[in-house]
Amino acid sequence: MPFLVIAGLPIMFVLLAGVATLAAGSAGQTPGERPRAREFGLVVGVLPAGPLNAITDVAGVKVGQVTLIEGRDVRTGVTAVLPHGGNVFEDKVPAGISVGNGYGKLTGVTQVRELGTIETPIVLTNTLSVPTAADAVIDWTLGLPGNERVGSVNPVVGETNDGWLNDIRGRHVTKAHVLEAIKSASGGAVAEGAVGAGTGTTCFDYKGGIGTASRRLPEARGGWTVGVLVQTNFGGVLTIRGLPFDLKEAGIGAPPAGPDPSGDGSCMIVVATDAPLDARNLERLAKRALLGIARTGGYFSNGSGDYAIAFSTAAGVRAPHRATERTRTVTLLRDDTMSPLFQAAAEASEEAILNSLFKAVRTEGKDGRVAEALPLERVKALLK
């Protein structure tokens, strides 16, 4: 029975562009049956989470997802993050990008670094679907009211390679899927685990996927919110609360025969904040979000594409596409007030990565390969 997953919610009996789409994990556990890390009792860091503990705790940010599962070989999808609900091209947001290891295909990176703004939704998908996704984002942007004369668009599309579980060469993601993810984007809770762009990914030799988390600073430290969404597909030595997970000496068995013992893979991190930051400090914020990879046991291996994209939703720092004045005046946080935001980004990124693992379900895919879900009973034993 096919499902279309929109903003994390399955809708039955839908066929999109001739491809059946359904909720990840439908052949076994559903994502709702597994707890998030915090629900399991694993609290990361010291700063309080936002009400949803999600990137959508940053006001105005929306997330849409389409999950593609077909037969035994198609395990992929799309996740779209919208910085705000308006026309992002006409009302650009300041942004910064930091690279842990650059073995990846992040479309749009040079213009973001040059001009310091993002003018489209941020889309995540699989490696070979980046051109299709970019084409769809361009279509979306050109079709918005007010953009009738636009002749240049910088789509921001990131990826990880889900080819171990997914028939990646089949390029099953279509423009219609990308447009549906963008159009369906909404606030509220975000589905995690084997959904959207994380449907076919693996992390630390277990099933990875989409994860999210947030931190809200106390009023005395600014009261700003930092939200993170990740697409995990990387390796290393899974580390939880500073303890290596797969270690014989810990009495919890040997590492599984996973998809990529070399540690190669990729991780995309999207960071949103309502703090009024410019592109320079957003790049610095993105750099701290990469700490989440290191804290969980990744090390930016040779074949890994690890990127963090940070943007600010603060209305006062947006860059209008059209302006009659030669100058503009903005109010920005000073550098010496950034440290609490850095801490928030590091904590939220670490928890988002763990949530991607905790929520992901056992997934069978291409050539009969299986990515097992993180065994939570063994996690419990490690934390005792």
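This is a short dialogue about reading cysteines, nonpolar cores, a cavity and one buried threonine in a predicted model.

Trainee: Let's start with the cysteines. How many disulfides are there?

Mentor: The general idea is to look at sulfur pairs, which must lie within 2.5 Å to count as a disulfide. In this predicted model the count is 0 disulfides.

Trainee: Why is Cys-203 not in a bond with Cys-267?

Mentor: Because 6.9 Å separates the sulfur of Cys-203 from that of Cys-267, its closest cysteine sulfur, and that is too far for a bond. Seen from the other side, Cys-267 is in no disulfide either, with the sulfur of Cys-203 as its nearest.

Trainee: Are these two cysteines buried or exposed?

Mentor: For burial, you compare the relative accessible area with a cut-off of 20%. Cys-203 has 0% relative accessibility, so it is buried. Cys-267 is also at 0% and is buried too.

Trainee: Now the nonpolar cores. Which residues touch the most other members in the largest one?

Mentor: A core is read as a network of buried nonpolar residues joined through their side chains. Here the largest has 45 residues, and Ile-269, Leu-285, Leu-341 and Leu-374 touch the most other members.

Trainee: Which elements give two or more residues to this core?

Mentor: Three are strands, S14 (225-233), S17 (266-273) and S18 (305-312), and three are helices, H5 (279-289), H7 (339-359) and H8 (376-383). H7 provides the largest share, 10 residues.

Trainee: What is Leu-374 in contact with, beyond its sequence neighbours?

Mentor: Leaving aside residues within four places in sequence, Leu-374 contacts Arg-34, Tyr-206, Leu-238, Phe-245, Leu-357, Phe-358 and Val-379. There is also a second, separate core of 28 residues, with Val-63, Ile-118, Ala-197 and Ile-210 among its members.

Trainee: And empty space? What lines the second largest cavity?

Mentor: With cavities, look at the count, then the volume, then the lining. The count is 2 cavities of 30 Å³ or more, and the second largest has a volume of about 30 Å³. Its lining consists of Leu-82, Gly-86, Val-88, Pro-121, Trp-140 and Leu-144, which divide into 5 nonpolar, 1 polar and no charged.

Trainee: Last one: where does Thr-76 lie?

Mentor: Thr-76 is in strand S6, residues 74-82, and its relative accessibility of 1% makes it buried. Beyond neighbours within four places in sequence, its contacts include Thr-67, Asn-126, Asp-162 and Thr-199. For a pair distant in sequence, take Thr-76 and Arg-171: they are 95 residues apart along the chain, with C-alpha atoms 9.4 Å apart in space.

Note on methods:
Residues numbered from 1 in each chain as written. Predicted model: local features only at pLDDT ≥ 70, side-chain atom pairs only at ≥ 80, totals over all residues. Heavy atoms only, no water. Buried < 20%, exposed > 50% of the residue type's maximum accessible area, 1.4 Å probe, protein only. Core = buried A, V, L, I, M, F, W, Y, C linked by side-chain atoms within 4.5 Å. Helix = DSSP H or I, 4+ residues; strand = E, 2+ residues; numbered from the N terminus. Contact = heavy atoms within 4.5 Å. 1 Å grid on protein atoms, 1.4 Å probe; cavity = no way out; pocket = protein on both sides within 12 Å on 5 of 7 lines; lining within 4 Å. Points joined across faces, edges and corners; volume = space filled by probe spheres on them. Nonpolar A, V, L, I, M, F, W, Y, C, P; charged D, E, K, R; others polar.
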